[in-house]
Amino acid sequence: MLSGIARRESGSARAMKTPHLDLLLDILAQPTAPFREEHVIATVTRVLEQAGVPFFADPLGNLVVGAASHAEYLRLVRGERSEGPSTEPLRVFIAHMDHPGFHGVEWLSPRRLKVQWHGGAPVKHLTGASVWLADSHGWTGSGTLSRVKLTASKRSIDTAEVHISTPLDLPANRLYGGFQFRAPVWRSGKRLYTKAADDLVGVFAIVATALALFGKRRAAQPIPFLGLLTRAEEVGFIGAIGHFELGWLAQSQGRRPVVCVSLEASRTLPGAIVGKGPVVRLGDRRTVFNPGTLKVLADVAEQILPGSHQRRIMDGGTCEATAATAYGFPSIGISVPLGNYHNQGFEGGPDCKRPGGPAPEFVHLDDIAGELDLCRALMKTGLPWDDPWKKQRQLLQKNLRHYRKLL
Ligand SMILES: [Zn+2]
C-alpha cells in the first residue's frame, strides 16, 4: 500500500505564501487517470461543501464550481440580476482532473494484470518501472511494468503488463494506475515533485480562487465566475467537449460575454522556465489565443506581477482553450511551467533513474502563487474587456499626431 503520507520536506524553504498549501498537497496526493477522476472529485467536493461554495456535477461528470445547479448556471450565463443583465463577462476557468495513466483490462495470472494506457507517457526505460494501482476506494498497491507495447506513433504507451507482488482479489477493470515514485507528492525547497502536477495544480487554482471569491459571506450579486473541472482531457478534451456540446454556455446568446481561461501545467520551454513565474499563454500547439482577451490578461499580469511572469506560446501541447475556441468562446490560458511533462524525464532530477525514462513531474510554489494572483486579478470588476486596445490605440494616435507634419 502506498501511504497517503506524502509530505517530505527538505532544504530550508520558507513557508509558501500561497494560501491553502495543505489543500494543494491533498489534491496532488490523490490517484487519478483519464475517466478515473473520482478521488480528485471527492477531495474537491469535500472542501467546497465545507466552505459553502456552490457546485454541481454536469451530465458528463465534470464538476461545475460557482453554481449550485443547471438553473443557477444558466442564470449566470445570461447575466440575470435584479437591475438587468450584467455587462461583466462571465469568466469560465477550466482545468482537468485527470493525468495520463492506465486501466486494468484482464488478469493474465494472479499477479499479472494486462493494462491499457490512456494519454501521454515516456517511451524509454519502461521495463521494471514502478507503478501505483488504485480503485474507487483508494490505493490498492503497486507493481512493475513489463511487455510494454508502444502506440503506432511510438509517442506513448499502448498496452503493458503490470506485475504485482501481492495478488489482488479485485476485477481487473476496477483497477487503474500510473507511474509511482517515492511518494505521491513531496517538497524540496520551493519545488513540488509529484506523480501528477498536470493538471491537478490547475484544479487547485480553481478551487482556491472559488474559496477566495465566495468566502464566508454571500455576495449581494452573483459572482461572474464558473470553474469547470473536467474529465479525460488527456485523451482529447473529452469532458470539456461534452460540456460544450450541452450548449449551456452558448445560452448567453450574446447577452453576456463569456471568457474562457484554461489553467494548465505545461511543458517547460525556453522562455517558460520553472520558478520564473506563471506564463501568460499566448497559444498552444494548435492555435494562438484571442488577442483582445489576451491583451486584458497580459496587461493585468504586467500590473500585478511585473518582472515575475513569463509570456510565450506554450506549444509543447494543446489545452482546453483550444476546445473552447473551437466552440466559439474567446479563450486565454495561464500555465504553470512543468518539469518532466507527462512523467517523461526531460529535466531529470530526483527519482528519475535514466534520462527520458519515467520521472516525477515538478512545479514551483512561486509559479503557483503567481497563478493564483492572476486568477484573482482577472475577477476584478471594470477590466477593459469590451475595448482592450483603447490605451494602445491612444499611443498609436499620439504617434500619428507627432509625425503627421512629415507626411
Ligand atoms: Zn497533460
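The exercises below, each with a worked solution, deal with the domains and one sheet of a predicted model.

**Exercise 1.** Work out how the chain is divided into domains, and which elements of domain 1 touch domain 2.

*Solution.* Begin with the division itself: domain 1 is made of residues 9-99 together with 186-390, while domain 2 covers residues 101-185. Next, consider the spacing, for the C-alpha centres of the two domains lie 28 Å apart. Then turn to the contact, to which domain 1 gives 28 residues and domain 2 gives 26 residues. On the side of domain 1 that touches domain 2, the elements giving two or more residues are α1 (21-28), α2 (38-51) and β12 (191-194). Finally, sorting that side of domain 1 by class yields 12 nonpolar, 9 polar and 7 charged residues.

**Exercise 2.** Trace the order of the open sheet of 8 strands, and explain why one side of β2 and of β16 is left without a neighbour in the sheet.

*Solution.* First write down the order, which is β2-β3-β13-β4-β14-β17-β15-β16, with mixed pairing. β2 (55-57) and β16 (310-313) stand at the edges and have a single partner strand each, so one side of each has no neighbour in the sheet. Neighbouring strands are, on average, turned by 25° against each other when direction is ignored. For one pair in detail, take β4 (residues 90-96) and β14 (residues 258-267), which pair in the parallel sense over 5 bridges, with L90 standing opposite V258 in β14.

**Exercise 3.** Find which strands α2 and α6 lie across.

*Solution.* Start with α2, which lies across β2, β3 (63-65) and β13 (225-230) and runs at about 25° to β3. Then follow α6 (residues 291-304), which lies across β14, β15 (279-283), β16 and β17 (331-338), running at about 160° to β15.

Technical notes
Residues are numbered from 1 along each chain as its sequence is written. This is a predicted model: local features need pLDDT of at least 70, side-chain atom pairs count only at pLDDT 80 or more; totals for chains, interfaces and linings use all residues. Domain bounds come from an automatic or database domain assignment. Two residues are in contact if their C-beta atoms, placed from the backbone, lie within 7 Å. Helices (H or I, at least four residues) and strands (E, at least two) are DSSP runs, numbered from the N terminus. Ala, Val, Leu, Ile, Met, Phe, Trp, Tyr, Cys and Pro count as nonpolar, Asp, Glu, Lys and Arg as charged, and the others, Gly among them, as polar. Two strands pair if DSSP finds at least two bridges between them. Axes are lines fitted to C-alpha atoms, for helices over the stretch in contact, and angles run from 0 to 180 degrees between N-to-C directions.
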